[in-house]
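Thank you for coming, everyone. I would like to take a few minutes to walk through one model with you, going from the sheet to a pair of rings.

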Amino acid sequence: RATRWPAQAAAPQPPASLRFQVGDRVRHPTFGSGLVMQSTPVGTDVEVTVVFEKAGVKKLLASMAQLEKVEP
């Protein structure tokens, strides 16, 4: 009997540390526009520190934050 492995639903994402770098401009659905101040690996995720224009400084996990890079 043959063993089947489940197909991957999506292509693998690049590591979050490569997606968000210090100086990147980002947008968050709740906090709005901001600037990445720090990006630190935490286990298999990355903690991103962002200074938002209206919400101030927030530390977010990249995998959960729904951050979107904004072109300058």
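How many bridges join strand S3 to S4? Keeping in mind that what we have here is a predicted model, the count is 6, with strand S3, residues 45-52, running antiparallel to S4. To put one of these bridges on a residue, Glu-47 has Leu-61, in S4, as its bridge partner.

Stepping back from that pairing, S3 and S4 belong to an open sheet of 5 strands, in which the order reads S4-S3-S2-S1-S5 and the pairing is antiparallel. Strand S4, at 56-61, and strand S5, at 68-70, are the edges of this sheet, and because each has a single partner strand, one side of each is left without a neighbour in the sheet. From one strand to the next, the twist averages 40°.

Let me now turn to the aromatic rings, where a search of the whole structure gives 1 aromatic pair. The partners are Phe-31 and Phe-52, whose ring centres are 5.3 Å apart and whose planes make an angle of 50°, so that the pair is classed as tilted, planes under 30 degrees apart being stacked and those over 60 edge-to-face. Phe-31 sits in the loop between strand S1 (25-28) and strand S2 (32-42), while Phe-52 lies in strand S3, and the pair thus links distant parts of the chain, 21 residues apart.

Which of the ring partners, finally, is buried? That is Phe-52, because its relative accessibility is 2% and the cut-off for buried is under 20%. Phe-31, with a relative accessible area of 25%, is partly exposed.

Terms used: Residues are numbered from 1 along each chain as its sequence is written. This is a predicted model: local features need pLDDT of at least 70, side-chain atom pairs count only at pLDDT 80 or more; totals for chains, interfaces and linings use all residues. Side-chain values use heavy atoms; hydrogens and water are left out. Two strands pair if DSSP finds at least two bridges between them. Helices (H or I, at least four residues) and strands (E, at least two) are DSSP runs, numbered from the N terminus. Axes are lines fitted to C-alpha atoms, for helices over the stretch in contact, and angles run from 0 to 180 degrees between N-to-C directions. Rings of Phe, Tyr and Trp (its six-membered ring) pair if their centres lie within 6.5 Å; planes under 30 degrees apart count as stacked, over 60 as edge-to-face and the rest as tilted. Buried means under 20% relative accessible area, exposed over 50%, partly exposed in between (1.4 Å probe, protein chains only).
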